[in-house]
Amino acid sequence: MKVGFVSLGCAKNLVDTEVMLGLLREHGLELTANPADADILIVNTCAFILSAKEESITTILNLAEYKSGHCRALIVAGCLGQLYGQELLDEMPEVDAVIGTGAWGRILEAIEEALSGRRVALIGKRRVIYNAKTPRLRTTPNYTAYVKIAEGCNNRCSFCSIPLIRGRQISRPIEDIAVEAELLAAEGVKEINLIAQDTTAYGVDIYGKPKLVELLRELVKVNVPWIRILYAYPRRFTDELIDLIAAEPKICKYVDLPLQHASNKILKLMNRPDTRESIEALLIKVRERIPGVTIRSTFITGFPGETEEEFLELKAFLQTQRLDKVGIFTYSREENTAAYDLPDQITEEVMQERYHELMSIQSLISQEINESLEGRELDVLIENRDEEVPEVVAGRSYRDAPEVDGLVYIENDGRSKAGDIVRVKVLAGFVYDLAAERID
């Protein structure tokens with residue numbers, strides 16, 4: 001029995017895919033990368049915003065074409081399944097089974113039901129998260145891994161559907177995460193990326209208060225050179241956390257703060273606890289106390305009620321703060337969120353104009369920052385060799401998170417291989433990437 005698997009969406013969704021793959025492999029099912037060879041096709045969907053839903057539906061329909069050949073069952077997993085459940089089965093006869101985000105452990109049951117001709121929606125309201133003993137087949141390169149430290153979210157941002165999909169936060173115990181980190185180190189992992197919907201809220205549900213600092217103090221004991229923190233909300237980015245990042249060589253000097261906007265009016269409408277003043281104060285502290293820090297953030301333009309005045313505030317914030325890396329998104333109106341019924345919805349045309357203007361500003365800033373790195377030495381984790389130019393290898397420095405940031409291209413390097421960490425000197429900076437040479 002061969003299974004083909006497609007994973008969409010974020011790294012948190014990818015971890016769910018990896019544990020489902022682990023369960024399938026443990027129970028003797030063969031995995032194939034060719035959908036035409038698969039007896040069963042599974043797609044782990046994303047439904048965070050409208051474009052993600054559209055991509056998920058398109059992927060489902062594309063995979064459904066294989067049912068005219070070898071494929072006997074098509075299963076939809078993940079966020080889209082959690083949101084729509086039975087409705088997906090009713091509206092899409094191509095789908096044989098649906099499982100929600102909290103039901104990944106029932107993937108074998110879904111396969112059995114689908115092959116028996118019973119169309120089921122296994123959603124379940126119980127919130128679950130994997131642990132160090134859960135079978136997992138990592139799909140990332142062998143030198144890097146994502147570790148999900150918590151599931152769900154207690155924040156109620158008015159634009160966000162994640163709490164509707166993933167539920168309230170549940171954290172893993174520190175001891176369990178440390179065990180997983182030790183296992184990954186034994187497998188040769190060089191970089192651990194800690195992920196959650198809100199990493200700085202880690203532990204609140206089981207310890208009564210945030211415990212990210214305590215978790216990090218355990219993880220730095222593990223024989224892994226790089227530990228990266230992603231999705232760190234500013235409200236709980238404490239002085240203690242700042243000092244630990246600054247002092248501990250293994251923790252990447254990379255701060256990922258999803259700020260979303262810079263106007264107090266819009267932040268309030270978004271139901272964010274931050275203000276522009278508190279954000280600016282935090283950025284000052286981070287920059288002063290973490291030498292060489294790289295700061296990444298994401299922003300939403302076109303949120304309901306964003307007048308030209310609020311847009312100009314966001315624009316001025318980007319120009320003044322000069323963050324290293326920025327992702328800009330246009331507002332996506334998601335059903336059942338608090339912002340869905342807000343007045344003064346912005347037209348798509350205006351959103352796109354604002355999006356392109358902000359991206360243009362940030363591109364120039366990013367290029368200037370990267371150009372300022374010329375002559376600087378960095379450690380780079382090698383990822384691959386250029387197939388067309390074999391003497392050039394590409395990797396990432398501490399300044400670059402996997403999949404979302406740029407690369408460092410190292411010239412005239414015939415020795416480095418994937419997973420090596422090498423020292424380089426930056427030769428040139430571009431909008432997203434750097435050119436460098438290896439130094440010994």
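## Strand S3 and its neighbours

Ile 40, Ile 42 and Asn 44 point one way from S3 while Leu 41, Val 43 and Thr 45 point the other way, and all are buried, where buried means under 20% relative accessible area, exposed over 50% and partly exposed in between, with a 1.4 Å probe and protein chains only. That fits the usual picture: in a regular strand, side chains alternate between the two faces of the sheet. S3 is mostly covered, with six of its six residues buried. A word on ground rules: this is a predicted model, so local features need pLDDT of at least 70 and side-chain atom pairs count only at pLDDT 80 or more, while totals for chains, interfaces and linings use all residues. Residues are numbered from 1 along each chain as its sequence is written, and side-chain values use heavy atoms, with hydrogens and water left out.

Who sits beside S3? Strand S1 (residues 2–7) pairs with S3 in the parallel sense over five bridges, and Val 3 stands opposite Ile 40 in S3. Strand S3 (residues 40–45) also pairs in the parallel sense with strand S4 (residues 73–78), this time over six bridges. In S4, Ile 75 is the bridge partner of Ile 42, and Gly 78 is the bridge partner of Thr 45. For the record, two strands pair if DSSP finds at least two bridges between them; helices (H or I, at least four residues) and strands (E, at least two) are DSSP runs, numbered from the N terminus.

## The whole sheet

Zooming out, S3 belongs to an open sheet of six strands in the order S2-S1-S3-S4-S5-S6, with parallel pairing. The edges are strand S2 (30–32) and strand S6 (120–122), each of which pairs on one side only. On average, neighbouring strands of this sheet are turned by 20° against each other, direction ignored; the axes behind that angle are lines fitted to C-alpha atoms, for helices over the stretch in contact, and angles run from 0 to 180 degrees between N-to-C directions.

## Salt bridges

How many salt bridges does a search of the whole structure find? The search gives 35 of them, each being a side-chain nitrogen of Lys or Arg within 4 Å of a carboxyl oxygen of Asp or Glu. Glu 151 is a good place to look. Lys 148 forms a salt bridge with Glu 151, their closest N and O atoms being 3.0 Å apart, and both residues are buried. Arg 166 meets Glu 151 as well, at 2.9 Å from N to O. That second pair links distant parts of the chain, with Arg 166 in helix H6 (residues 162–166) and Glu 151 in strand S8 (residues 150–151), 15 residues apart. Arg 166 has a relative accessible area of 5% and so is buried, and Glu 151 counts as buried because its relative accessibility is 6%.

Glu 368 and Arg 322 form another salt bridge, with closest N and O atoms 2.9 Å apart. Glu 368 is in helix H14 (residues 348–372) and Arg 322 is in the loop between helix H13 (308–321) and strand S14 (325–330), so this pair ties together parts that are 46 residues apart in sequence. Glu 368 is partly exposed at 33% relative accessible area, and Arg 322 is partly exposed at 33% too. Elsewhere, salt bridges that share partners join Glu 18, Arg 136, Arg 172, Asp 176 and Glu 180 into one network.

## A pocket lined by H14

The second largest pocket has a volume of about 260 Å³. On a 1 Å grid over the protein atoms alone, a pocket is an open set of points with protein on both sides within 12 Å along at least five of seven lines, a cavity is a set where a 1.4 Å probe fits but cannot get out, and lining residues have an atom within 4 Å of a point. Grid points are joined across faces, edges and corners, and a volume is the space filled by probe spheres set on the points.

Of the 14 residues lining this pocket, Ile 49, Ser 51, Thr 330, Tyr 331 and Ser 332 are the closest to its centre. Helix H2 (50–64), S14 and H14 are the elements that give two or more residues to the lining, and H14 gives the most, with four. By class, the lining has seven nonpolar, four polar and three charged residues; Ala, Val, Leu, Ile, Met, Phe, Trp, Tyr, Cys and Pro count as nonpolar, Asp, Glu, Lys and Arg as charged, and the others, Gly among them, as polar.
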